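Please walk through this protein with the model open beside the text, beginning at the positions that a database record singles out and moving outward from there to the interior and the chain as a whole.

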Amino acid sequence: MASSKLLSHPRWHRLLRRNLPNARLFSGLPSQHPGSVPEPQNHSDPKSNNKFKTASSTPSSLKEAELAKFAAISDTWWDSEGPFKPLHNMNPTRLAFIRSTLCRHFRKDPLSARPFEGLRIIDVGCGGGILSEPLARMGAIVTGIDAVEKNIKIARLHANMDPTTSNIEYYCTTAEKLVDEQRKFDAVIALEVIEHVADSAEFCKSLSALTAHEGATVVSTLNRSMRSYASAIVAAEYLLHWLPKGTHQWSSFLTPEELTMILKRASVDVKEMAGFVFNPITGRWSLSDDISVNYIAFVQPITRNESMLESGEQSKVTRNIGTTSVLGWSTGCKQIILQLDSIEAIEAIMIESCSMYNTLSMTVRAIVQPRLWLV
């Protein structure tokens, strides 16, 4: 299904490929199964056996109500027919995206039985370890962290049942605390977590800080659209009872555009994005370019050259804007926009001139939109 069905941002489908000039929509991978329940956030319990006990100087992104919600059902993490059934069903599809993107980024063989051999991967908001374990079986050196101590205990117990997963390091701590410890990982993964944190911007900054210089980050969440409200909340929680009532707060969902901007401000850039779609006939999930409900993004640190280029574009636009009179905005904007080489520069106009947005919006839309279709 086309992403033009996004109701919260009707023009996002048209602008997606241009707003993410280096990104590509990701579809067509073999994948399986349903779900859309999240994983808890990070919080360190002083009684836990945790080697990261120093006070964090980084603002915490924890939301206490979310921690309590997931602590109450932590015993059911490995019950494939329990509250986390949707995540179990969606796991093969999530892993298909992770395997393909990380193998390409790190130049690994995706057909290998252990394609992540030697890679240091952290699973942020690991819950009971349902993602950490398959990553370990694919050869990764896995660290799993979660804010709920009961989740960590369940994850350790289950991992110790299999020699191939018994070396996973689980800690009841937060991403912010690991940043203070100056920990770095080749890949940072946070799936269905960001919609449960108090401050998504600070959380993304922590993910960025944990990512090694030439590493990668994978983030998944739900879009704040009418379709996501109907399917992930009304249907999944109240009609089909796939998830406990109150699992999601629609207002905490992030649109792909919002997530992209938050990540960019955290010095990481979205390179690929895919949606998850459920087939009610087969009962399986697959990757698609439909990002109207569940979606996943592959992210890389912004290089120094990219940062300098973007900074140069924005400063050039700012100088041009500064010499343009308010009364001549229509003509001035047209001359500026027609000379721009990228959507980032156009976005810079909107950022730098936010106080005049209402005056400019119709002019910019009329000039930019035909130009975008020609790019």
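Asp146 belongs to strand S3, which spans residues 141–146, in a model that is predicted. With a relative accessible area of 0%, Asp146 falls under the 20% limit and is therefore buried. Its side chain reaches the backbone nitrogen of Cys126 at 3.4 Å. Cys126 is likewise buried, its relative accessible area being 0%. Gly125 sits in the loop between S2 and helix H4 (132–137), and Gly125 too is buried, with a relative accessible area of 0%.

Asp146 and Gly125 are both named in the UniProt record, in an unreviewed entry, under "binding site", where Arg94 and Leu191 are listed as well. The annotation "binding site", again from an unreviewed entry, also covers Glu192, Glu195 and His196; such annotations may be inferred rather than shown by experiment.

Among these positions, where does Glu192 lie with respect to the strands and helices? Glu192 is found in the loop that runs between strand S5 (185–191) and helix H7 (200–210), and Glu195 is placed in the loop between S5 and H7 as well. Glu192 counts as buried because its relative accessibility is 0%, and Glu195, at 3% relative accessibility, also counts as buried. What does the side chain of Glu192 contact? The side chain of Glu192 makes a polar contact with the side chain of Arg94, at 2.6 Å, and Arg94 is itself one of the residues that UniProt lists for "binding site" in the unreviewed entry.

The backbone at Glu192 also deserves attention. Most residues other than glycine have a negative phi. The phi of Glu192, however, is positive, near 50 degrees. Arg107 is another residue other than glycine with a positive phi, in this case near 55 degrees, and Arg107 is placed in the loop between H3 and strand S2 (120–124). Whereas Glu192 counts as buried at 0% relative accessibility, Arg107 has a relative accessible area of 78%, so it is exposed. A positive phi, near 70 degrees, is found again at Ser267, which follows helix H9. Within H9 itself, which covers residues 256–265, the buried residues are Pro256, Leu259, Thr260, Ile262, Leu263 and Lys264.

From these individual positions we can turn to the interior. In soluble globular proteins, nonpolar side chains tend to be buried together. Here the largest nonpolar core has 34 residues, and those with the most contacts inside it are Ile98, Leu102, Phe116, Ile121, Leu135, Ile189 and Val218. Helix H3, residues 85–106, gives the most to this core, with seven residues. Leaving aside residues up to four places away in sequence, Ile98 touches Cys103, Phe116, Leu131, Leu135, Ile189, Leu191 and Val218. Apart from this core lies another, of 29 residues, which includes Tyr171, Ala175, Phe203 and Leu254.

Cys103, one of the residues that Ile98 touches, counts as buried because its relative accessibility is 2%. Cys126 is in no disulfide, the nearest cysteine sulfur being that of Cys172, 9.2 Å away. Since a disulfide would need the two sulfur atoms within 2.5 Å, the separation of 9.2 Å explains why Cys126 and Cys172 do not qualify as a pair. How many disulfides are counted by this rule? The count comes to zero.

Stepping back to the whole chain, the protein has 13 helices and nine strands, and 53% of its 375 residues count as buried. If one takes the contacts between residues at least 6 apart in sequence, 75% of them join residues at least 24 apart. The accessible surface comes to about 16,800 Å², and 54% of that surface belongs to carbon and sulfur atoms.

Note on methods
Residues numbered from 1 in each chain as written. Predicted model: local features only at pLDDT ≥ 70, side-chain atom pairs only at ≥ 80, totals over all residues. Heavy atoms only, no water. Core = buried A, V, L, I, M, F, W, Y, C linked by side-chain atoms within 4.5 Å. Buried < 20%, exposed > 50% of the residue type's maximum accessible area, 1.4 Å probe, protein only. Helix = DSSP H or I, 4+ residues; strand = E, 2+ residues; numbered from the N terminus. Contact = heavy atoms within 4.5 Å. Polar contact = N/O pair within 3.5 Å; in protein donor to acceptor, adjacent residues only side chain to side chain. Areas by Shrake-Rupley, 256 points an atom, 1.4 Å probe, with all protein chains shown as cover.
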